[in-house]
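Visitor: I am new to protein structures and would love a close look at a single part. Could you pick one sheet and walk me through it slowly?

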Amino acid sequence: MASPHLPFLSLPKPLPPLAVAVAKPHRALFLTHHARAAPASASNAASSPPPTPPDGVGPAAPTRGDRFIGRQLAAEAAARVLAPEDAERRRRRKEKRRALARKPSGLASCYGCGAPLQTAEEGAPGYVDLATYELKKRHHQLRTILCGRCKLLSHGHMVTAVGGHGGYPGGKQFVSAEELREKLSYLRHEKALIVKLVDIVDFNGSFLARVRDFAGANPIILVITKVDLLPRDTDLNCIGDWVVESVVKKKLNVLSVHLTSSKSLVGITGVISEIQQEKKGRDVYILGSANVGKSAFISAMLRTMAYKDPVAAAAQKYKPIQSAVPGTTLGPIQIEAFLGGGKLYDTPGVHLHHRQAAVIHADDLPSLAPQSRLKGRCYPANDTDVELSGNSLFWAGLVRIDVIKALPRTRLTFYGPKKLNIKMVPTTEADQFYKSEVGVTLTPPTGKERAEGWAGLQGVRELKIKYEELDRPACDIAISGLGWISVEPSGVPSNNPDDSLEGYDNGELNLTVHVPKPVEIFVRPPLPVGKAASQWYRYQELTEEEEELRPKWHY
């Protein structure tokens with residue numbers, strides 16, 4: 001008998017074997033493996049007891065509370081391991097935020113010195129009378145205002161503004177040297193091109209060995225200023241090689257070295273070309289120690305660029321003020337100087353406590369700035385028979401050199417400001433001579449009143465100078481912020497044919513140098529200046545690899 005037809009029951013159509021294998025391959029494999037392993041498992045089960053569950057399975061499984069406590073303990077252990085790194089990362093982020101907060105904002109400032117404009121304190125930097133301020137503000141011309149202090153500086157008045165560690169005694173002090181350095185701290189977090197300036201007359205004192213504290217990892221172009229002050233007939237090829245060798249020894253990585261003069265425009269075109277090539281849309285910052293010539297360098301740049309760049313030509317009208325007063329610039333000054341993007345910034349000079357300018361009165365500062373080409377002053381002179389041994393030489397009231405041991409024809413040649421007198425007296429009379437003449441013939445300090453408050457030459461350094469050859473200077477003694485003294489073992493020519501220096505090779509000279517307490521003394525290889533320098537100067541012998549790695553110099 002046939003079964004009745006049930007319309008509400010329908011069985012699914014079976015899938016083909018291939019579809020089963022494709023749809024659930026893992027289960028098919030598992031079933032196959034299980035089917036094959038079943039006989040073996042059945043035979044073993046009869047002979048061995050059932051296995052105990054492993055830890056963490058079954059009744060031994062951790063509860064939710066146990067798992068929560070485990071995660072907390074693991075997080076605490078990881079935090080203890082990573083805490084120093086996290087703290088250092090947080091500290092760096094906090095330091096970066098603080099530094100970037102010091103970046104110049106849109107606040108209106110004097111285009112001559114960079115000080116924020118204000119109408120409250122008449123003698124302070126940035127002051128402008130209220131009527132002028134309101135008028136310029138109404139016409140959106142605040143960036144064209146020159147403050148009262150800059151107007152005085154432009155007429156030759158010596159108006160200081162910087163005090164503190166590295167500032168200037170006497171005079172007005174509105175901002176500390178530390179505050180000016182803080183204003184530059186944001187630079188290391190910016191993407192910028194740094195143009196670092198160094199004064200050739202005060203190479204060691206103005207070098208800023210720790211410039212990376214300001215520049216960070218940004219590329220640096222090194223510019224040597226005031227080469228027009230070097231003695232006549234100086235071979236700039238020797239100077240360039242000497243500078244590059246000094247930079248390599250100081251382990252400062254720079255793109256290139258340029259010898260320049262803002263007065264005669266020597267080398268300025270080469271610097272501009274390198275800046276245009278390397279800036280790549282970045283801002284350009286002019287960096288250097290105080291009174292190194294940053295504002296004069298920017299004026300020379302704008303004057304040279306104005307022939308081809310209308311933007312630079314327009315910027316010449318509102319360029320930073322130039323003055324012999326260190327600390328003229330008191331804030332970053334933004335200058336629209338490039339046609340293709342990126343801005344030029346003049347920055348406040350870095351004030352260093354180890355330079356002579358930081359210890360003398362503000363009114364004596366002009367005497368430290370050479371106004372014309374240097375000319376070496378030799379002691380003893382060629383026409384005298386005086387020997388240096390047992391004598392002391394005073395360079396103004398700022399330096400004293402006691403010659404303890406020297407050759408009969410040893411000579412010291414002084415390179416520095418012509419206004420500073422040099423006196424030589426027997427060492428036995430040196431103390432009394434300095435006490436009676438400081439402030440009178442030994443100036444600065446100028447005047448008896450300043451001499452009475454003068455701390456004296458408390459910094460003393462004993463030098464043992466070794467020399468190997470008699471026909472070239474043994475070394476230079478550089479005084480930070482002043483100049484240098486070339487030490488020549490046999491610099492004085494002899495009129496006596498029987499006067500021979502045989503046997504004096506590979507000897508030693510003993511000198512004692514006295515300076516004001518914070519001023520630094522540098523002993524360095526002799527700077528090859530003058531006509532005779534090209535004869536005794538020796539260029540470095542380098543391999544091809546060393547030559548490739550050394551920065552190139554230009555002028």
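Guide: Happy to: we will start with one strand, move out to its partners and the sheet, and then visit some aromatic rings and a few loops. Please keep in mind that this is a predicted model.

Let us begin at strand S15, which covers residues 475-479. Five of its five residues are buried, so S15 is largely enclosed by the rest of the structure. Here "buried" stands for a relative accessible area under 20%. Look at where the side chains go: Cys-475, Ile-477 and Ile-479 point one way from S15, while Asp-476 and Ala-478 point the other way.

Now for the partners of S15. On one hand there is strand S16, residues 483-488, which runs antiparallel to S15 and is joined to it by five bridges. You can find Ile-477 standing opposite Ile-485 in S16. The two strands make a hairpin with three residues between them, and in this hairpin Gly-481 takes a positive phi near 85 degrees. The other partner to look at is strand S18, residues 521-524, which pairs with S15 in the antiparallel sense over four bridges. There, Ala-478 stands opposite Phe-522.

Step back, and the sheet comes into view. It is an open sheet of five strands in the order S9-S12-S16-S15-S18, with antiparallel pairing. S9 and S18 stand at the edges with a single partner strand each, so one side of each is left without a neighbour in the sheet. From one strand to the next, the twist averages 20 degrees.

Follow that order to strand S12, residues 411-415, which is joined to S16 by five bridges and runs antiparallel to it. Tyr-415 has Trp-484 in S16 as its bridge partner, and both of these residues are buried.

Their rings deserve a look too, as part of a wider search. Across the whole structure, 13 aromatic pairs are found. One of them is the edge-to-face pair of Tyr-186 and Tyr-285, with 6.1 Å centre to centre and 70 degrees between the planes. Tyr-186 sits in the loop between helix H6 and S3, whereas Tyr-285 is in strand S6, 99 residues apart. Tyr-186 counts as buried because its relative accessibility is 0%, and Tyr-285 is buried as well, at 1%. Back in our sheet, the ring centres of Tyr-415 and Trp-484 are 4.8 Å apart with their planes at 15 degrees, so this pair is stacked. Because Tyr-415 lies in S12 and Trp-484 in S16, the pair ties together parts that are 69 residues apart in sequence.

Finally, let us visit some loops. Beyond S9, at the edge of the sheet, a cis peptide bond joins Tyr-379 and Pro-380, with omega about -5 degrees. Pro-380 is placed in the loop between strand S9 and strand S10. Another cis peptide bond joins Thr-443 and Pro-444, and Pro-444 lies in the loop between helix H12 and helix H13.

Leu-208 and Lys-280 make a nice contrast to end on. Leu-208 has a positive phi near 55 degrees, and Lys-280 has a positive phi of about 50 degrees although it is not a glycine. Leu-208 counts as buried because its relative accessibility is 9%, but Lys-280 is exposed, with a relative accessible area of 65%.

Technical notes
Residues are numbered from 1 along each chain as its sequence is written. This is a predicted model: local features need pLDDT of at least 70, side-chain atom pairs count only at pLDDT 80 or more; totals for chains, interfaces and linings use all residues. Side-chain values use heavy atoms; hydrogens and water are left out. Buried means under 20% relative accessible area, exposed over 50%, partly exposed in between (1.4 Å probe, protein chains only). Two strands pair if DSSP finds at least two bridges between them. Axes are lines fitted to C-alpha atoms, for helices over the stretch in contact, and angles run from 0 to 180 degrees between N-to-C directions. Rings of Phe, Tyr and Trp (its six-membered ring) pair if their centres lie within 6.5 Å; planes under 30 degrees apart count as stacked, over 60 as edge-to-face and the rest as tilted.
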